[in-house]
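Reader: I would love a close look at one part of this model, the largest cavity. Could you walk me through its lining, and then show me what else is worth finding around the rest of the chain?

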Amino acid sequence: MAVYSIGVDLGGTNLRIAAVDSDGKLLAKLTSGAEVQRGRDFVIDEMCKAIQALRLKFKDSGQLAGIGIGVPGFIDMDTGTVMRSPNLPDWVNFPARQLIESKLGTTVILENDANSAAMGEKWLGAGRNCDDMAMYTLGTGVGGGLVFNGRLWHGMTGMAGELGHFNVEPEGHPCGCGSRGCLEQYASATAIVRMAREAIESGQAPDLADGARGNVEFTARGIYQLALQGHASAQKIFRTVGRALAIGIGGMVNALNLPMYVIGGGVASAWNAFAPTMFEEMKIRSSIYSLTAPDRVGAGQKHTTVTIALLGSDAGLYGAARLPMLQAESVASAPRA
C-alpha cells in the first residue's frame with residue numbers, strides 16, 4: 001500500500017489541500033477560497049472537511065503518514081499556537097493545532113507557510129540536491145525559511161526564519177511588524193505598488209503615471225510589464241527591489257555561509273528586472289559572496305548559489321505534505337530504549 005500524506009497551504013485568499021505520495025507525486029488537489037472574513041472557526045471547519053474527504057478517498061489505496069498544515073504567521077511550535085498572523089486577523093494566541101487535531105482525531109504538524117515553502121523547494125525544487133539553504137518568499141509580504149541538514153530550523157520558540165524583517169534601511173518605511181525599513185517594505189508586491197504610487201505622487205515619474213492610466217493593471221505584475229516596456233521609473237523600482245534583496249541576502253551570506261539561497265513567491269517572476277542589480281550589489285554588500293560567487297570560483301569548487309524557486313505556488317503545499325514523512329522517518333530511525 002502506497003504511503004502518502006496530506007499537505008495544506010492556508011493563505012489569506014486561498015485554501016489549498018493536496019494528497020502527495022512519498023515520491024512527491026501529486027495524487028489529488030482541492031482548492032477553494034479561504035474566506036477568512038467569516039472567522040477562524042469557519043476556516044478550520046472547511047479545511048477539516050476537505051482533509052477528511054481526501055482521507056476517505058485514499059483510505060483503501062494508501063497509508064496516511066500524517067497531515068501537515070502551513071499557515072502564515074508566528075507559531076509557537078511547542079504548543080501549536082498561532083501567536084499572530086498578518087493574513088488571519090483573528091488568529092491571535094490561537095491554539096490552532098489543538099482545535100484541528102480534535103476535529104480530525106489525529107495529530108497534525110502546524111508550520112509557518114514560508115517554512116513549508118522552503119521544505120518544498122528542498123524536497124522537490126531548486127534545493128533538492130542541497131541540505132543547507134535559505135528560502136525567501138516574495139509575495140504580499142516577504143517570508144523566509146531556513147533548512148539545515150535537510151530539516152527546518154525553528155530556533156528557540158519556532159519563529160526563526162523571519163527573513164523579510166531584516167532591516168535594509170535603518171530609518172526606512174514603517175513596517176507592520178513595528179520596525180522600519182524591513183526587507184518586506186522594499187521587495188514585496190505590496191511594496192512595489194507603494195513605491196510606484198509614491199513616485200507618481202511626487203511628480204517625478206510621468207512615464208509611470210502614463211503607464212498606470214493605460215490598460216496595464218496597477219499591480220506589481222502590471223508595474224513589471226511597464227518595466228519590460230522600457231519605462232525608466234518602473235525599472236528604477238525593480239532596481240530598488242534588487243538592492244534591498246542584496247542587502248538582506250548579503251547579510252545572510254556573511255552570517256551563515258550557506259551554499260544556496262532560493263527566491264520564490266509571485267514577485268520572483270520579475271527576476272530579470274531585479275536580479276542584475278541584486279547580483280551586482282551583493283558583491284559589494286557581502287565580502288563572502290564576492291569571494292564565492294559562481295563567476296569568482298573555478299569550475300567544481302564550492303560556491304554560493306542565489307537562484308529562483310522551481311515549484312511556484314505549489315512549494316508550500318508540497319513542503320507541508322513532506323513534514324509528516326520526515327517526522328515518520330525520525331521516529332523510525334530513533335534508537336529504541
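Author: Happy to. The largest cavity is lined by Gly 73, Phe 74, Ile 75, Asn 112, Asn 115, Gly 158, Met 159, Ala 160 and Glu 162. Please keep in mind that this is a predicted model. The space in this cavity comes to about 50 Å³, and the count of cavities of 30 Å³ or more is 1. By class, its lining residues divide into 4 nonpolar, 4 polar and 1 charged.

Two asparagines of the lining deserve a closer look. Asn 112 belongs to strand β7, which covers residues 108–112. Its relative accessible area is 8%, so Asn 112 counts as buried, the limit being under 20%. A polar atom of the Asn 112 side chain lies 2.8 Å from the backbone oxygen of Gly 73, a residue that also lines the cavity. The side chain of Asn 112 also reaches the backbone nitrogen of Ala 114, at 2.9 Å. If you set aside neighbours within four places in sequence, Asn 112 is in contact with Val 71, Gly 73, Ile 75, Gly 144 and Glu 162. Among these, Gly 73, Ile 75 and Glu 162 are listed in the cavity lining too.

Asn 115 sits in helix α3, residues 113–124. With a relative accessible area of 1%, Asn 115 is buried. Its side chain makes a polar contact of 2.9 Å with the side chain of Glu 111. Outside the four-place window in sequence, the contacts of Asn 115 are Gly 144, Gly 145, Leu 146, Leu 152, His 154 and Ala 160. Gly 144 thus appears in the contacts of Asn 112 and in those of Asn 115. Ala 160, another contact of Asn 115, is part of the cavity lining.

From the cavity we can move on to the nonpolar cores. The largest nonpolar core has 49 residues, and those with the most contacts inside it are Ile 223, Phe 238, Leu 245, Ile 249, Ile 263, Phe 274 and Met 278. Two or more residues each come from β8 (133–138), β9 (142–148), α4 (184–187), α5 (189–201), α7 (220–228), α8 (232–256), β11 (260–264) and α9 (271–285). Of these, α8 gives the most, with 11 residues. Ile 263 is a good residue to centre your view on: not counting residues up to four places away in sequence, Ile 263 touches Tyr 136, Leu 138, Ile 249, Ala 268, Trp 271, Phe 274, Met 278, Val 306, Thr 307, Ile 308 and Ala 309. Apart from this core lies another, of 32 residues, among them Leu 54, Trp 91, Ala 96 and Leu 110.

Helix α8 comes up again at an open site. The second largest pocket holds about 250 Å³ of space. Its lining is made up of Met 195, Glu 198, Ala 199, Ser 202, Gln 204, Ala 205, Ser 233, Lys 236, Ile 237 and Thr 240. The elements giving two or more residues to this lining are α5 and α8, and the largest share, 4 residues, comes from α8. By class, the pocket lining has 4 nonpolar, 4 polar and 2 charged residues.

A few loop residues round off the tour. Asn 257 is placed in the loop between α8 and β11. Its phi is near 55°, a positive value in a residue other than glycine. At a relative accessible area of 47%, Asn 257 is partly exposed. Asn 149, in the loop between β9 and β10 (151–152), has a positive phi as well, near 55°. Here the relative accessibility is 65%, and because exposed means over 50%, Asn 149 counts as exposed.

Lys 302 lies in the loop between α10 (287–292) and β12 (305–308). It counts as exposed, at 81% relative accessibility. Although Lys 302 and Thr 292 are 10 residues apart in sequence, their C-alpha atoms are 7.3 Å apart in space.

Terms used:
Residues are numbered from 1 along each chain as its sequence is written. This is a predicted model: local features need pLDDT of at least 70, side-chain atom pairs count only at pLDDT 80 or more; totals for chains, interfaces and linings use all residues. Side-chain values use heavy atoms; hydrogens and water are left out. On a 1 Å grid over the protein atoms alone, a cavity is a set of points where a 1.4 Å probe fits but cannot get out, and a pocket is an open set with protein on both sides within 12 Å along at least five of seven lines; lining residues have an atom within 4 Å of a point. Grid points are joined across faces, edges and corners, and a volume is the space filled by probe spheres set on the points. Ala, Val, Leu, Ile, Met, Phe, Trp, Tyr, Cys and Pro count as nonpolar, Asp, Glu, Lys and Arg as charged, and the others, Gly among them, as polar. Buried means under 20% relative accessible area, exposed over 50%, partly exposed in between (1.4 Å probe, protein chains only). A polar contact is a pair of N or O atoms within 3.5 Å; within protein, one must be able to donate a hydrogen and the other to accept it, and residues adjacent in sequence count only if both atoms are side-chain atoms. Contact means heavy atoms within 4.5 Å. A nonpolar core is a set of buried Ala, Val, Leu, Ile, Met, Phe, Trp, Tyr and Cys residues joined through side-chain atoms within 4.5 Å.
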